[in-house]
Structures are given as structure tokens and as C-alpha cells.
Amino acid sequence: MSDYYYVAPTSVGESLKILHQSDSKIRIAAGCTNIMPDLKNKKNTDSVFMDISGLEELRGIQSDDNIIRIGALTTMNQILHSEVIEQGATALHQACRHFADPLVRNRATVGGNLANASPAADSVVPLFVLNAFVTVESMENGKREIPLADFLVAPGKSVLGPDDLITAVSFSKDTGVKSCFIKFGLRKAMAISVISIGVALKLDDHTVTDIRIALGSVAPTPIRARQTESYLTGREISPEVIKRAMEMVKSEITPISDIRASKEYRTHLAGILLRRAVEGALIEGGDIV
Amino acid sequence: MNFEKDVAIKVNINGIEIRSTVAAAESLLEFLRKHSETVDVKCGCSQGDCGTCTVVFEGQTVKSCLVLAAQANTKEIWTLKGLEKDPLMQKLQESFVRHGAVQCGFCTPGMLVAARGFLENNPNPDRAGIRDALSGNLCRCTGYQKIVDAVWTVASEKASERV
């Protein structure tokens, strides 16, 4: 067994100092729901575990007039049971309900799901359509608010540097926006998505005035379907328009074939799930799976 | 601040305080089985898939293989063994036996701890809710029907007691 080390700072300031001063490769440990399987499968390459799970200042959901701010250590279960999220960010609420299983949801944190930068990360797709910002802090660069679209780089890679700590993720309260998240997995629990989709839209009468579409597991990172978004903006939702959008979204993704599904199947699903997610958002809070 | 290879922890397991030293990368599951003799906590996959290592950690039902042992410092943990005298746990155990929900028995400790945690917070669940609550616990024998029946019966009895 390799040599591992453990350190448990008691404040964000102390954590940033450790990240800044240490020469060792540090892995930030919170819920550990990725770290423990990585250790078991010999995928962990870091030698120090910096346990931030005791930093209460990073836990919890704050909501003021304009912004909802979720601390990095907030668990999927806490988000799932938050009224603020259920009412103000339906898609995120739905994503947390389909995240892993209830026991894992008691440990897995939103900061960890972001840092892990999986193309299939369940919480990232809804945060994408909510136009979320990731708050990242380091001793050298202070506090930065990074748009989620700029945060993710490649599978398992984000813009996080070795000194950086995710402290929160936040998004604007946007009244009138209806959202929906759908995960297509091979099981109901503990599934890694074959494909997932989030839609947030605003209607004026029947006309779409604003729409954001994000998909997971169809590209190296979760992506926005910008062409489909601009096609739908300004149009009335009708069967013909939806049909056109379903074709369009298929051309915007670059899925691969892997153990869970073929490229062709994922492409097919992207269209179907777009239709379901738009319908789901229109029903508001409607959970279509 | 020092990086520690061996971490001294003080942890309360089933009401008994234990002081020990754990390796930095050791899981709580390994610690429970090897160093605190709580072998009622089973080891199935040790990567969060099967749920047979389920324990109550700081009041939350979690998979102990997904927790670093060092993170248990100053924390309170309850395993099946420690919950044996709990009235709700006893009802669940009896119901599991009555419904044939224990076959090979390997998943049972985790199932019971997960079911108890769920019923404690959701005294009046529907069957779908029970299935969802146990979705992190795998059983390869029963097909789940008997387990859901067992938990459902206890939930219904609890509901009728309140009337």
C-alpha cells in the first residue's frame, strides 16, 4: 500500500494555506464518495487527503432576494430536501432525487460533484441551465466567481488549480423560469447516466422568450445546446417546432459508444429527452421519467 | 499543520467510546471490522455499490466503505449490533423473519439499518418510498419483494398504532 497522509484543517483560511504551501499532491476530501472507489480501484494519484468535512461554514443553502447560494459541502440530500431549491430550481431538485442512492446522497457534496468534473455529473447539468457560478478561492488569487460553462474542461478536468478550493455554487433567482431535469440510466438507483438533460425556459403566452438546454454524457463535459436554444427562442411551442428542435439537438452533441450505450442510441435519446424535458418544464415540477 | 500517516481518533461506536489509530486512507468499514470488532457490518463491494456496510454516522444512514476512518474522529456511529434493543429495530427483525426476507442473510444488516433510518424519518411511507429508500442496498436472493413486504408491514403496524 502506498503512503497516504491525512490533514483536517479547521477553517477555510487554514485549508487555503495548506493548499498553497504544500508540495505534496493533495486531494480534498469531503463526502469521499468518489475518493473511496478511486482508492479501491487504484485510480487515486494523490498522497494527502485534506479533510474539509468539518468546515461548517461551507455547508448549507442561503437565499436572498436575487441569489441562491449553495455551500460546497452541502450534500445532495440537503439540496433534495430544501424548499428553496424545490421551488426555485426544479431541475436541480429533480437531479438530486435521481443522484446515486439515498445513502450516497447523505454523503456526496455538490462541491465534490463539480470538482470531479465527470461528463455524467448529475448536479452539473441542472446547474448549467440555471447559469450557475462556481465560487473558487485560493490564497494567491483570492475569491473568483467562474461561470460553470468555463469551469469544466474535459472528463475529470476543470479549471481548478492545485491551490484552489471550491467554496460554493450560486445562481440567480429567475422568476418565471420553469425547469426540468431528466436522467436516463440503466437502473433507477446508483446509475451513471446514459444521457441526461436539463431545460430551463421562460414563456410569454406560448412563445419562448428564453431557453437554456444542457446535456450530460454526450460530450467530454456537460454541454449547452446553443443552436437549438436560439432556434426555439421567439417561437411558439408546437409539435412541428419540437420535432425540428429534436433533430437539431442531435447535431449538437458528440457522444461516444461505451459500456453503457452506443453513440447511436445516445443520439436518438437526446431528441426524445429534449421533447420530454420541454414538456416536463411546461407542466412545471412535472417529473417525467 | 502536520500531515499524519497514522491518525489518532476517538470515536463512539454503539454507545462505547473507543480510542484508536487509523491509517490515513483506511475506510470506516475496515476500521469497524478489523479494529472495533463490529463484524455485524459486512463488507461486500467496498466501493459504495452494495450497501451491506450501512451504518448510522452522526444520525445519517451512510455506507461505511465511503467514509474515511479518520473522518469518524469525535463522531457517533451506530451499527446493527448497537441497535438490537431498539424497539423499531426489533420489529423490523421479527418482520424480516416472518416474511422470509432473510435468505443468505449477507445484505440483512445493511437492509435493517437502512430500513430503520428510513422509517424513523418517514413513519407513513408507501411501497414506492420503501423501494427508493432501500435502492442503495443490493440483495441477490429475495428479489426484494419479501424485504419490501417486511418493511411495509412494520410501517403499517406503526401507522395503525398511532390511530
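**Note on the five-stranded sheet of chain A**

1. In this predicted model, strand 5 (residues 67-71) of chain A and strand 10 (residues 165-172) of chain A run antiparallel and are joined by five bridges. Within this part of the sheet, Ile68(A) has Phe171(A) of strand 10 as its bridge partner.

2. Strand 10 of chain A also pairs with strand 6 (residues 133-138) of chain A, again in the antiparallel sense and over five bridges. Here the bridge partner of Glu137(A) is Leu165(A), a residue of strand 10.

3. These pairings belong to an open sheet of five strands in chain A, whose order is 4-5-10-6-7 and whose pairing is antiparallel. At its edges lie strand 4 (61-63) and strand 7 (142-147) of chain A, each of which pairs on one side only. On average, neighbouring strands of this sheet are turned by 25 degrees against each other, direction ignored.

4. The surroundings of strand 10 of chain A deserve a separate remark. Seven of its eight residues are buried, so strand 10 of chain A is largely enclosed by the rest of the structure. In the order of the sheet, this strand stands between strands 5 and 6 of chain A.

Note on methods
Residues are numbered from 1 along each chain as its sequence is written. Chains are lettered from A and ligands numbered from 1 in the order in which they are written. This is a predicted model: local features need pLDDT of at least 70, side-chain atom pairs count only at pLDDT 80 or more; totals for chains, interfaces and linings use all residues. Two strands pair if DSSP finds at least two bridges between them. Helices (H or I, at least four residues) and strands (E, at least two) are DSSP runs, numbered from the N terminus. Axes are lines fitted to C-alpha atoms, for helices over the stretch in contact, and angles run from 0 to 180 degrees between N-to-C directions. A residue is buried if 20 or more other C-beta atoms lie within 10 Å of its own, exposed if 12 or fewer, and partly exposed in between; C-beta atoms are placed from the backbone.
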